[in-house]
Amino acid sequence: MSTRHKTQVCIIGSGPAGLLLSQLLHNSGIESIILERQTREHVEGRIRAGVLEAGSVEALTEAGIGERMMREGLLHDGFNLAFDGDHHRIDLKGLTGKQVMVYGQTEVTRDMIALRLSQGAEIAFGAQDVLPVDVTSSKPLVKYRHNGASHEVECAFVAGCDGFHGVSRNTVLESVRQTFERVYPFGWLGILSDTPPVSHELIYANHQRGFALCSMRSMTRSRYYVQCSTEDDIANWSDARFWDELTARIGEDAARNLVRGPSIEKSIAPLRSFVCEPMRHGNLFLAGDAAHIVPPTGAKGLNLAIADVRYLSRALIEHYRSGNAAWLDNYSATCLKRIWKVERFSWYMSMMLHQFPDDSAFGKKMQRAEFDYIASSETASRAIAENYVGLPLD
Ligand code: APR
Ligand code: PHB
């Protein structure tokens, strides 16, 4: 026997996509239940990227989740590109009139969970064997196990917000889905350290030893990455080796202010571009990493998830308010149009900034020419700035 629950929207996954969707629906009086495989501690402890587009900041603020972000987040007017020691600043504010907010996804997630729980939201952390069934009927069910007992949620819609390794995309869309993928031949080794950032703005560096990125979480906590081999082992990277490598890649000038310290987190992540089409199957809608992955070079993963959920919440609210299904019908096509543009930008930044193991001398000359062109052209710099601060929602 299963315990039966009833709601309007069953949301699978309590990452930023699932949590924001639940919040936006709640703000419009629509009920949801979230089923999350991991514990709350696990979800709140994951280290992820940390740059929010202007539109994402607006969305979080409008949803009522922006208070701590506005207090503790760092507004940035620009960022730097570096190429074998040469620098070019992308003046985001001057070129677009907009800024980005540096505020960790970990903090966004904590803020969202705290607010949802304070409003009495149902989030089943530790839900096992989550399985959506009958999603093409008007009464989908989502089955799961929790604390050893069987449960099922009866709902009108299922939102698959369960990330790249989730169950929604793979089990349900098998018959109709088409996927597009590129796996890059390197990874990013990232460290977090309680040291002041080397620069007050981010630095993306292409160096002959490989890509490096200087980012931050606050004025006292830094986040740095270096390109590494996909086969590399974290055990090969002592803190000292990491700091030496970062220093070599960002150049003497930039490294002059680098403060070394013990790493408080160190991990290797692969880089991938991935899109699943369509993002709807019957009454199941995919959002966020469940539908697409971008390499982190443009800091777009979290922002894309937020954009999807803005569309999806609008479509569900319209359905419940007026019975108009047009928004739901257009969800996948509308999202995908913007997603592909963001995939393009993330791919472009990745291609420009990394060392490709099999690349010819010609390929390297192309990267250098790209950098020189951007550095000499306001138009080219503006194209980068416009994408970095975030393309408009349609
Ligand atoms: N059942 C229930 N929950 C699941 C399942 C499952 N079978 N599989 C995965 N999940 C949960 C994960 O534990 C995670 O908490 O779904 C959640 C998905 O969250 P994210 O991976 O953070 O994805 P999303 O919400 O789309 O956010 C996108 O997060 O991964 C980063 O780079 C990505 O910044 C981007 C953002
Ligand atoms: C980060 O701070 O973790 C970060 C910033 C910018 C990126 C990727 C990651 O492009």
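Let's start with the second largest pocket. Thirteen residues line this pocket, and those nearest its centre are Gly104, Thr106, Glu107, Arg217 and Arg221. Keep in mind that we are looking at a predicted model. The space in this pocket comes to about 250 Å³.

Which elements build the lining of the second largest pocket? Helix H4, residues 67–72, helix H6, residues 105–118, and strand E16 each supply at least two residues. H6 has the largest share of this lining, with three residues. Now look at the chemistry. Six of the lining residues are charged, four are polar and three are nonpolar.

Next, ligand 2. It is surrounded by 15 residues. The closest are Tyr204, Ser215, Arg217, Tyr225 and Pro296. You have met Arg217 already, as one of the residues nearest the centre of the second largest pocket.

Let's go through the contacts. Take Ser215 first. An N or O atom in the Ser215 side chain sits 2.5 Å from an oxygen atom of ligand 2. Then Tyr225. Here a polar side-chain atom is 2.6 Å from an oxygen atom of ligand 2. Then Pro296. This time the atom belongs to the backbone: an N or O atom there lies 2.7 Å from an oxygen atom of ligand 2. How much of ligand 2 does the protein bury? Taken alone, ligand 2 exposes 270 Å², and the protein buries 100% of that.

Now the cavities. How many of 30 Å³ or more are there? The count comes to two. The largest cavity has a volume of about 100 Å³. It is lined by 13 residues, and the closest to its centre are Ala49, Gly50, Leu213, Ser215 and Tyr225. Two of those names should ring a bell. Ser215 and Tyr225 are also listed among the closest residues to ligand 2.

Two elements give two or more residues to the lining of the largest cavity: strand E16, residues 212–218, and strand E17, residues 221–228. E16 gives the most, with three residues. The classes here are nine nonpolar, two polar and two charged residues. Set that beside the second largest pocket, where six lining residues are charged and three are nonpolar.

On to ligand 1. Around it stand 24 residues, and the closest are Glu36, Arg46, Arg48, Gln105 and Asp289. Again, let's take the contacts one by one. Arg46 has a polar side-chain atom 2.8 Å from an oxygen atom of ligand 1. Gln105 has a polar side-chain atom 2.7 Å from an oxygen atom of ligand 1. Leu302 uses its backbone: an N or O atom there is 3.0 Å from an oxygen atom of ligand 1. How much of ligand 1 is covered? On its own, ligand 1 has 700 Å² of accessible area, and the protein covers 90% of that.

Where does the shell around ligand 1 come from? Helix H1, residues 16–27, strand E3, residues 32–36, and helix H10, residues 301–322, each supply at least two residues. H10 gives the most, with three. By class, the shell has nine nonpolar, nine polar and six charged residues.

Last topic: strands. Find strand E14, residues 178–193, and strand E18, residues 263–277. They pair in the antiparallel sense over 13 bridges. For one example, Val183 has Arg272 in E18 as its bridge partner. E14 also pairs with E17. That pairing is antiparallel too, with seven bridges. There, Trp188 stands opposite Gln227 in E17. And E17 is one of the elements that line the largest cavity.

A general point to remember here. In a regular strand, side chains alternate between the two faces of the sheet.

There is also an open sheet of three strands. What is its order? The order is E4-E8-E5, and the pairing is antiparallel. The edges are strand E4, residues 51–52, and strand E5, residues 74–76, and each pairs on one side only. E5 is joined to strand E8, residues 100–102, by three bridges, and these two strands run antiparallel. Within that sheet, Leu75 stands opposite Met101 in E8.

One thing to take back to the structure. Trace Ser215: its side chain contacts ligand 2 at 2.5 Å, and Ser215 also lines the largest cavity.

Technical notes
Residues numbered from 1 in each chain as written. Chains lettered and ligands numbered in written order. Predicted model: local features only at pLDDT ≥ 70, side-chain atom pairs only at ≥ 80, totals over all residues. Heavy atoms only, no water. Pairing = 2+ DSSP bridges. Helix = DSSP H or I, 4+ residues; strand = E, 2+ residues; numbered from the N terminus. Near = heavy atom within 4 Å. Polar contact = N/O pair within 3.5 Å; in protein donor to acceptor, adjacent residues only side chain to side chain. Areas by Shrake-Rupley, 256 points an atom, 1.4 Å probe, with all protein chains shown as cover. Nonpolar A, V, L, I, M, F, W, Y, C, P; charged D, E, K, R; others polar. 1 Å grid on protein atoms, 1.4 Å probe; cavity = no way out; pocket = protein on both sides within 12 Å on 5 of 7 lines; lining within 4 Å. Points joined across faces, edges and corners; volume = space filled by probe spheres on them.
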